[in-house]
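Subject: Structure handover

Hello,

Here is the structure I promised to pass on. Please open it beside this message and follow along.

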Amino acid sequence: MSHFTPTPRSRARRKPDRAAYDEEAVFAVLDAGLLCHVGYVIDGQPFVTPTTYWREGRKLYWHGSAASRMLQAQGCGLPVCVTVTHVDGLVLARSGIAHSMNYRSVMAFGRARLIEGLAARRAAMEAFIDRLYPDRSSELRPSTDHEILQIGLVEMTIEEASAKQRDGGVNRIAADDDWTAWSGVIPVETRLGAPMADAQQSAGAAPSPSLSLYKPGARLDNVLSKAARG
């Protein structure tokens with residue numbers, strides 16, 4: 001099993017027993033997600049940009065407008081920190097100090113660069129579509145060169161990463177035993193609804209084969225993890 005070697009910037013200091021640095025743990029959190037936050041500094045000013053992302057091996061990708069100043073700045077070899085978090089439950093105790101959350105998270109560090117060239121951008125965008133909806137790019141109208149040129153794409157090789165997870169019940173404190181407030185866990189999930197066809201283009205049509213994983217009631221993180229495995 002391959003591991004990321006932690007340094008002071010990626011090593012978990014608080015609750016280190018919840019941290020993991022192996023690829024399996026890091027990739028599992030990344031592959032179950034769709035939204036990340038990219039942190040970086042421009043001229044001394046910190047920024048955090050939310051965006052959709054995807055992973056191929058140790059590389060992360062995200063996209064935006066080709067005219068975006070933020071994307072242009074990120075893509076010039078700027079050091080960035082990418083974070084992904086899933087909230088799995090609210091943990092309620094009989095004292096405020098013992099309240100917590102169940103979660104999965106990753107912090108990944110590297111240097112971002114813009115993807116140049118029409119063919120490379122086209123391949124990356126098709127990979128993004130297929131990562132979410134397996135083989136969907138083959139069902140779609142091919143993007144024109146003009147459309148591709150409007151998109152800015154960034155890739156980052158993960159240099160360091162750490163995963164952190166809490167999955168459990170209430171940490172009971174003896175002083176709480178005489179209180180009557182309810183304690184326990186409220187699970188948190190994101191589940192899919194029924195597909196709603198476009199009234200003009202797809203009225204009465206069944207979802208295409210590329211959407212076979214997206215069944216009503218399925219958990220989004222489970223669907224994304226399955227899609228990532230191909």
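Does Val41 count as buried, exposed or partly exposed? Val41 counts as partly exposed, because its relative accessibility is 45% and partly exposed lies between 20% and 50%. Val41 sits in strand β2. Beyond its neighbours within four places in sequence, Val41 is in contact with Pro46 and Leu78. Asn171 is another matter: 130 residues separate Val41 and Asn171 in sequence, and their C-alpha atoms are 38 Å apart in space.

One caution before the rest. This is a predicted model.

**The whole chain**

The protein chain has 230 residues, and 36% of them count as buried. Its secondary structure comes to 5 helices and 9 strands. Read along the sequence, the pattern is β-α-β-β-β-α-β-β-α-α-β-β-β-α. The C-alpha trace spans about 70 × 50 × 35 Å along its principal axes.

Contacts reach across the sequence. Take those between residues at least 6 apart: 72% of them join residues at least 24 apart. The chain exposes about 13300 Å². Carbon and sulfur atoms supply 55% of that area. There are 27 positive and 25 negative charges, and their mean positions are 3 Å apart.

**The cores**

Now the inside. In soluble globular proteins, nonpolar side chains tend to be buried together. In this model, the largest nonpolar core has 26 residues. Leu30, Leu60 and Trp62 touch the most other members. Seven elements are listed as giving two or more residues to this core: α1 (23–31), β2 (35–42), β4 (59–65), β5 (76–92), β6 (100–114), β7 (151–157) and β8 (160–166).

Leu30 is a good place to start looking. Not counting residues up to four places away in sequence, Leu30 touches Tyr53, Arg55, Leu60, Val84, Val106, Arg131 and Ile158. A second core is separate and has 13 residues. Among them are Ile115, Ala124, Leu132 and Val223.

Val29 is in helix α1. Val29 counts as buried because its relative accessible area is 7%, and buried means under 20%. Leaving aside neighbours within four places in sequence, Val29 is in contact with Tyr53, Val84, His86, Arg104, Ser105 and Val106. Pick out Arg104 from that list. Val29 and Arg104 are 75 residues apart along the chain, yet their C-alpha atoms are separated by 6.5 Å.

**Helix α5 and Asp221**

Arg104 comes up again at Asp221. Asp221 is found in helix α5 (residues 220–228). Is Asp221 buried or exposed? Asp221 is buried, because its relative accessible area is 11%, below the 20% cut-off.

Which side chains does the side chain of Asp221 meet in polar contacts? One is that of Arg104, at 2.9 Å. Another is that of Arg219, at 2.6 Å. With neighbours within four places in sequence left aside, Asp221 is in contact with Ala32 and Arg104.

Asp221 has buried company in α5: Val223, Leu224, Ser225 and Ala227 are buried too. What covers the buried residues of α5 includes α1, β6 and α3 (118–132). Val223 also belongs to the second core. Gly230 follows α5, and its phi is positive, near 75 degrees.

**Two loop residues**

Two aspartates have a positive phi, although neither is glycine.

- Asp43 lies in the loop between β2 and β3 (45–56). Its phi is near 50 degrees. Asp43 counts as exposed because its relative accessible area is 78%, and exposed means over 50%.
- Asp135 lies in the loop between α3 and α4 (145–149). Its phi is near 70 degrees. Asp135 is also exposed, with a relative accessible area of 56%.

Set these beside Asp221. Asp43 and Asp135 are exposed, whereas Asp221 is buried and its side chain makes polar contacts with the side chains of Arg104 and Arg219.

That is the handover.

Best wishes

Technical notes
Residues are numbered from 1 along each chain as its sequence is written. This is a predicted model: local features need pLDDT of at least 70, side-chain atom pairs count only at pLDDT 80 or more; totals for chains, interfaces and linings use all residues. Side-chain values use heavy atoms; hydrogens and water are left out. Helices (H or I, at least four residues) and strands (E, at least two) are DSSP runs, numbered from the N terminus. Buried means under 20% relative accessible area, exposed over 50%, partly exposed in between (1.4 Å probe, protein chains only). A polar contact is a pair of N or O atoms within 3.5 Å; within protein, one must be able to donate a hydrogen and the other to accept it, and residues adjacent in sequence count only if both atoms are side-chain atoms. Contact means heavy atoms within 4.5 Å. A nonpolar core is a set of buried Ala, Val, Leu, Ile, Met, Phe, Trp, Tyr and Cys residues joined through side-chain atoms within 4.5 Å. Accessible areas come from the Shrake-Rupley method with a 1.4 Å probe; for residues, only the protein chains shown count as cover. Lys and Arg count as positive and Asp and Glu as negative; His and the chain ends are not counted. The place of a charge is taken as NZ of Lys, CZ of Arg, CG of Asp or CD of Glu.
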